[in-house]
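Visitor: Could you take me through one part of this model up close? I'd like to hear about the buried side of a helix and the core packing.

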Amino acid sequence: MAASEKPIRIAVIGGGCAALTAAFELTRPEHNRRYQVTVYQMGWRLGGKGASGRGVAGRIEEHGLHLWLGFYENAFRLMRECYAERNQHFPNARFATWREAFSPAPDVGVADRTQNGWEFWMAHFPPGNGEPGDATTGDPLTVDAYLRQAVTLVVELVRSAGAMETKPSNDAKAEAAPASSAMGPEALLSSISALLRYGQLATTAAIIEASQLLRQAADLLLPQVFSGIGSPIAQLLESLSVASRRRLETLVEEDREVRRVWQVIDIILAILRGSIRGGLALDPRGFDAINDYDWREWLRMNGASEQSLASGFMRGIYDLVFAFEDGDVNRPRLAAGVALRGAMRMFFTYRGSLFWRMNAGMGDVVFAPLYQVLKHRGVRFEFFHRLRNVGLSSAESNEPPYVETLDFDLQAHIAGGREYEPLVDVHNLPSWPSKPHYSQLVNGSAMARTGRAFESAWDTRRAGVKKLKVGHDFDFVVLGVSIGALPDVAGELIDRAPRWQQMVHHGKTVPTQAFQLWMRESTAELGWNFPPPNLSGFVEPFDTWAEMSHLIPEESWPKELRKHPVRSIAYFCSVLPDTAKDGSAVTEQFHRRQKDIVRANAIQFLNSGAGALWPKAVQEGKFRWAILASADKPVAKPGSKRARSNRPGPEQFESQYWSANVNPTDRYVQSLPGSLVHRLSPLDMTFDNLTIAGDWTATGLDSGCIESAVISGLLAAHAISGKPGICEIVGYNHP
Amino acid sequence: MSPRSPHNKRPKPDQTGPVRNPIAPPLPPSAPKDSAAPRNPVEAVGTAVCGALENGVSTAYALIDEYMRRGQDAARTIFNDPTRRGNMSDERPGGFNSAPPSSTANPFNSANPLAAMTEQWMYAMRVWSQALTSFAPGGWPPAVMNPFAPQQGTTPPKVSVKISSSRPVEVTTNLYPGLDLLGLTSEPLRAEASKAAPIPAAEISRESGVVQVSIRVADKQPAGRYHGYIRKKADGQVAGELTVVIS
C-alpha cells in the first residue's frame, strides 16, 4: 500500500472459523496493510461453534465433538500457514507445527443393531496420499475420476466378499474367474454381451468377472457409460445391482461381515446407476442437480436395497452431519447432492488420514494460534461486543443499498480502558478459559458473583452501547454471525432483500447435545476391544462416540487423583429434538430445561446403552458411576471398600461436562433437500459494502463443517480484495 | 451527502458461484441469462459425448470455438491496448500455445484478472481432449484428473529443486499429473512487474522418478517475482509452471 493511501477498514463481526479466515486472508503480508481489520466478538472468546474452554482441572470443554476430515484442504492449509507464522513470532509455544497439533484418526466404526444386540463394524482406512493442505496441481476434482475409483472399489469389495464367502472346496471355482486382461473397446463390449447372455450373475465368480469388466469399461469407455439406460454397460451395471441385492437377501445373521461388504457394494452400485440415469457427469449443475432429493431417497430410486439403506454405514453418514429434521431422529433428511459430494470427497480424496483429531481443545488448536497471528499482524479484537443491528442506507436512495451503521451492546467494559487479554496458559499452550477473566472487567467481581451468560441469547444485560458509522469507523463489513442469529441482528437486510428472506426462511438449523466423560478406567479396561474409534450409527439419544483419551496429558488433574488417575476420555454427541424452532424462544429457563434434558438423556444412555460399548462399565444393569473422575470431589477407587459402602449414583454425572446447544448462534447448520438453492454466497453483491461468512453460506461444499466455514471465509476475503483467487480455493469449482 | 468513503464498493467477483461442471468455464458476467441466451456448450458436449464419434468431434470443435471466442472477447474487453493483448489475441484456434506469452498479459499469472477463467479454459481443453481420445482404440490416456487420487498413481511428479543463489529465493513449481517425466524443458523466467532481465531457463532432469529442477540466480538479479512455463520438448505444450520470488 502506498504511504498516501488510507487503509480500508474492515469490521469483521463474529469470531468463528469463517470470520477469522476472512481476517487472516485480508491481513496477509501481500496486502501490505491495505486492510485494517477489527474483529467484534460477543463474550470473552473466539471460535463460534468451534469454541472450547479450559474448565476445572484444565479440562477441555467443547461445544461438541469436532473431527477434521482428511479432505479439508482449505482448512488444513489455513492451519499450516497459521502455525508456520506463529512459530516465527512465538517460537516457545508448544505445538510448533500443525502436525504436532493434529493426529491421524484412521479407525472408524459404525454400529449395527442385530438380533444379538449392537455390533460394531470397525474399519481402518489406510493413509491417503500426502497430507491435507499439501500443494495441489490446481486441477478440479472430476466426476469421471470419482466414478472410476468407485468402480475400482466395487471390484475390490466384491473380491473380498467373495473371499469371505468362498468355502475351501469352492476356491478353485472362484479363482477360475478369468482375469480380465487389457482389451480393446470392441472386445470388451463383446465380453460384456457374452456375460449378460448367461442371464443372472449367479455365482461369485461371475460377479467378480462382471465387476472387472465394469472397471475396464470405466477405464476405456467412460463416455459410453454415461450414454444412459440400455447400453451394454448400463445393462451390466443393472445385472450387478440385481446380483448384489439378491446376495444381500440370502445372507443370514451369521454372515454379517459379508453382508456389510455387500451393503457397501450395493450403495456404490446405486450411485453409479444414479450417475448414469441422471447424467450427473454432464449436468452443468453438477451434483446440485439432485439436491431436491433426500440422500437415501435418491439411492432407493437407483436401486439400493432397504437393507443397505438401514445399515449402520448409512446411518453414520446422517449422524456425521446431524441430518435429522427438527432434531427428530425418525426424520433423516440430507440433500443428496451434498451427501454425494461429501462422500466422494471424504472417501476418495482424503489425504494422510480419513479423520484427524486435534491434540487439545479446538479453541487451543485452532483459535488461539489464529488469535495470536492475527494480533501480531495488527488485527484489533473487541471482545464483549454483541451485535444488535445492522443499519442500512435509505431505501429511497438511488444508490445500491449499503451498510450505514453497526449497533453493538457492550456487555462489559475493560478495566482501565485496556485491551482484554483473553488467553490462559495450560502446560505452555495458549488456551481459552471456560469463563471470562472477570478480574479484567469493570465490576468484574459483581459479575462473577451473579454470573453472566455472555454467549447466550437471553442475557441481554449491557454496560453500554456503541454505534459504528460507515466512512468513519468502517468501510466494509464481514457479517460472520450464524444464520440463526440473522433475524435478530439483520432485520433490515432481510426486509430489504427478498433473497435474504428466502435464505433465512429455508436455511434450517438444529440444536445439538453433547457430553464428555472423564473416567478412571481405560476403554480397554471397560471392555472395548478395538482401536480408539470415532463411532457413529449408535443408539439414540447419543449416536456418536469419539475416544479422546489422547487429551489426558493436556489437562491438569489434581494430585489427589494420581493414585486413580483419569485413564480415558469419551465424547458423545447427537441432535437434540427441536422444541424452539430455530432458536426463536430461547430464554434462560428454556436453556436450563434443555440442559436438564441433556443430562437426563446422558444418564439414561449410560445406564442403558453404554454397556454395548463398554461391557465392564455396567454392573447389575446400571452404569458404574464410580468410574467417573471428578476434580472437585474425588471418589474412592472403583471396587474399594469405601466405594462399595458409599457407591455414587447418577449424581456423579454432575461432575462431568454436558451442553445443550440451543442458542441461535450455537445451532448446527443443516443441508436439507430443497434448501441449498436459497443459500447466498459471500460473493453475492446485494449490499454494496457487506459480505457474509459462515458454513451457512453457499460455499460449494454446502455442508455444516469446518471446511465449509473456511471456504466461506476465503470467498468473503475474495469479495472484498479479489484475493485469494477463486481457483486457489480447493474444491470450490467442484461438480 | 453520503458519508461513505470511496473504498466501500466491492469489486465485482470473477464468478458468483461454483462452476459445477469441470467442462464449463465461468460464464462472463455479461452473458445474458434469459431463455434466448446461446445454448450452454455443456449441453452440447453432453449430447455429443453420448453420441457417435463424428458428433463428438464436431461438437468438440464447436466447443473449442466457443471457448476461444469467449477468451478472446474477455481479452479484448480487458486489454484494450492491442500491444498488451498477449497470445489471447491470436485469432487461430490452436494458436494458444504457439508463442511464449508476454509477461504482462500472461493469462496464467495469478495477478491477471483472466487467470481463473483461462485456467478453467485450459482445463476444459484437457478434459475434452481426454474425452476424445476415449473414442479411439487404445482408450484413455493414463493421466487421471483427480490430483488427490490415492490409489491410481495420479499424483503430480515429485520435484526436487536445487537453487544457486546468494539471496533468499522462494521457488514454486506446478507440474501437471500424469506427465512423462522425460523431455521437459523450461523457458526463461520473466519478471512479472519489471523489465528486469529474465532468469535463465532452469535445467530439468529426471532421476529415480523425481524431476530435478536446477535454477541459478545471478547475484545482480533484481528482486521480484519471475515466472516461466515448463513445456514438453516434443510438442512445446505447457506441462507446468515455475515461479521464483527473489527477496
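Guide: Here is a look at one helix of chain A, followed by the cores and the confidence. This is a predicted model, where local features need pLDDT of at least 70 and side-chain atom pairs count only at pLDDT 80 or more, while totals for chains, interfaces and linings use all residues. Residues are numbered from 1 along each chain as its sequence is written, and chains are lettered from A and ligands numbered from 1 in the order in which they are written.

Start with helix H18 of chain A, residues 498-506, where A:Trp500, A:Met503 and A:Val504 are buried (20 or more other C-beta atoms within 10 Å of the residue's own, placed from the backbone; helices are DSSP runs of H or I, at least four residues, numbered from the N terminus). Those three sit on the same side of H18(A), because they cover an arc of only 90 degrees around the axis (taken from the directions from the helix axis to the C-beta atoms). Their cover includes helix H16 (486-489) and helix H17 (491-496) of chain A.

Now the cores (buried Ala, Val, Leu, Ile, Met, Phe, Trp, Tyr and Cys residues joined through C-beta atoms within 7 Å). In the largest nonpolar core, with 222 residues, A:Ile10, A:Val12 and A:Ala23 have the most contacts inside it (a contact means C-beta atoms, placed from the backbone, within 7 Å). Another core lies apart from that one and has 16 residues, including B:Leu189 and B:Tyr226.

As for confidence, chain A averages a pLDDT of 87, with 90% of the residues scoring at least 70 (pLDDT is the predictor's confidence in each residue, from 0 to 100). Over residues 167-180 of chain A, though, the pLDDT is below 50. Where pLDDT is low, don't read the predicted coordinates in detail.

How values were computed: Buried ≥ 20, exposed ≤ 12 C-beta atoms within 10 Å, placed from the backbone. Helix = DSSP H or I, 4+ residues; strand = E, 2+ residues; numbered from the N terminus. Contact = placed C-beta atoms within 7 Å.
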